[in-house]
Amino acid sequence: MDSVDTSSKPAPKRFIQTRSKLAEFFLMLHRIYVFILRFFKEVFLPPYEFREVVRQCYETGVRSFTLITLTGFIVGVIFTKQSRPSLTNFGAESWLPSLVSIAIMKALAPLVTALIAAGKVGSSIGAELGSMRVTEQIDAMEVSGTKPFKFLVCTRVIATTITIPLLATYVAFIALLGGYLNVSQNEGTSYATFMEQAFEPLTFVDFWASLSKAIVFGFTIGIVGCYQGYNSTKGTEGVGKAANGAVVTAMFLVFIEEVLIVQIAGWFR
């Protein structure tokens, strides 16, 4: 009588690869969780690097001022020009200031600011910390007894969380200025009339939701850029991957947070 072969067959290669990728994904989520938890733990403990926070606010905000100004003005002008034909078809040109202000204050200002900051600031943070990691500067700081996480990570995240809302507010008013110039050129509307019509449909919830978006976006850009750079590997190749990963991940998370905050804000209207 032939014996029955009870030996287990090897798992398919595709199944092993899928299981390995899932394990790596959940391991990455755990590392991100530990990284964020470490930030909230160390940010409230002394020593406080006020001078470095101010320097990072300068690097994040003032160095982005020209690009932010130009982009905000162009957004206001283009959105106003593209919205006019649609309103003209319905004879509702007088609603143009209200439409522009609603779109800019509710969505465009914080979103455009976050996307620009993700591309400029996020990549800069990822590349800077990544180069410090691969050249072992962070390891040298740890050996010397300093706290590189507080000095490098906490200061940058605080700076982006502070400056992105300020930049978003500035972009909103610059975009409204661009919209006013376009409306004034075509309809001859005065500045006082334009601003009165622009702010009439806005509520406190709208301003609060816009500010909340900017704060969350700023924190996300800072923490993603720091995480990518602080944990980069593989030499100079890792620096490029850290910068690229910081931009792509931050932009993706910004869109996800935009949807969530809009949904939450809708519950209070």
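# Close-up views of pockets, a cavity and helix contacts

**View 1. The second largest pocket gets the biggest part of its lining, 5 residues, from helix 4.** A quick heads-up before you zoom in: this is a predicted model. The space in the second largest pocket comes to about 160 Å³. Around that space you'll find Arg55, Gln56, Glu59, Thr60, Arg63, Lys120, Val121, Ser124, Ile125, Glu128 and Arg156. Two elements supply two or more of these lining residues: helix 2 (50-61) and helix 4. What kinds of residue make up the lining of the second largest pocket? Sorted by class, there are 6 charged, 3 polar and 2 nonpolar residues.

**View 2. The largest pocket has a volume of about 700 Å³.** Its lining is made of 27 residues, and the ones nearest the centre of the largest pocket are Met28, Ile32, Tyr227, Gln228 and Asn231. Three helices each put two or more residues into this lining: helix 1 (13-42), helix 8 (204-230) and helix 9 (235-267). Which helix gives the largest share of the lining of the largest pocket? That's helix 9, with 9 residues. The class count for the largest pocket runs to 13 nonpolar, 9 polar and 5 charged residues.

**View 3. One cavity of 30 Å³ or more turns up in this model.** The volume of the largest cavity is about 30 Å³. Its walls are formed by Thr60, Ser64, Ile68, Ile116, Ala117, Lys120, Val121 and Leu167. Some of these names may ring a bell: Thr60, Lys120 and Val121 line the largest cavity and also the second largest pocket. Helix 4 (residues 96-134) leads again, giving the largest share of the cavity lining with 4 residues. By class, you can count 5 nonpolar, 2 polar and 1 charged residues around the largest cavity.

**View 4. Helix 3 (residues 65-89) and helix 6 (residues 148-187) pack with their axes 7 Å apart, at an angle of about 40°.** An angle like that makes helix 3 oblique to helix 6. As for handedness, helix 3 and helix 6 cross in a right-handed way. On the helix 3 side, the residues in this contact are Phe65, Ile68, Thr69, Gly72, Phe73, Gly76, Val77, Thr80, Lys81 and Arg84. Their partners in helix 6 are Leu167, Tyr170, Val171, Ile174, Ala175, Gly178, Gly179, Leu181, Asn182, Val183, Asn186 and Glu187. Put by class, the contact of helix 3 with helix 6 has 11 nonpolar, 8 polar and 3 charged residues. Look out for Ile68 and Leu167 here, since they also line the largest cavity.

**View 5. Helix 3 and helix 4 pack at an angle of about 145°, with 10 Å between their axes.** The crossing of helix 3 and helix 4 is right-handed. Helix 3 brings Leu67, Ile68, Thr71, Val75, Gly76, Phe79, Thr80, Ser83, Arg84 and Leu87 to the contact, while helix 4 brings Leu96, Leu99, Val100, Ala103, Ile104, Leu108, Val112, Thr113, Ile116 and Lys120. The tally for helix 3 with helix 4 is 13 nonpolar, 5 polar and 2 charged residues. Ile68, Gly76, Thr80 and Arg84 of helix 3 do double duty, because they appear in this contact and in the one with helix 6.

**View 6. Helix 4 and helix 6 have their axes 7 Å apart and pack at an angle of about 145°.** Their crossing is right-handed. How many nonpolar residues does the contact of helix 4 with helix 6 have? There are 20, along with 3 polar and 2 charged residues.

**View 7. A cis peptide bond joins Pro46 to Pro47.** Omega is near 0° for this bond. To find the spot, follow the chain into the loop between helix 1 and helix 2, where Pro47 lies.

**View 8. Glu136 has a positive phi, near 65°, although this residue is not a glycine.** Where along the chain is Glu136 found? Look in the loop between helix 4 and helix 5 (137-143).

Key
Residues are numbered from 1 along each chain as its sequence is written. This is a predicted model: local features need pLDDT of at least 70, side-chain atom pairs count only at pLDDT 80 or more; totals for chains, interfaces and linings use all residues. Side-chain values use heavy atoms; hydrogens and water are left out. On a 1 Å grid over the protein atoms alone, a cavity is a set of points where a 1.4 Å probe fits but cannot get out, and a pocket is an open set with protein on both sides within 12 Å along at least five of seven lines; lining residues have an atom within 4 Å of a point. Grid points are joined across faces, edges and corners, and a volume is the space filled by probe spheres set on the points. Ala, Val, Leu, Ile, Met, Phe, Trp, Tyr, Cys and Pro count as nonpolar, Asp, Glu, Lys and Arg as charged, and the others, Gly among them, as polar. Axes are lines fitted to C-alpha atoms, for helices over the stretch in contact, and angles run from 0 to 180 degrees between N-to-C directions. Angles under 35 degrees count as roughly parallel, over 145 as roughly antiparallel, 65 to 115 as roughly perpendicular and the rest as oblique. A crossing is left-handed if the near helix is turned anticlockwise from the far one by less than a right angle, and right-handed if clockwise. Contact means heavy atoms within 4.5 Å.
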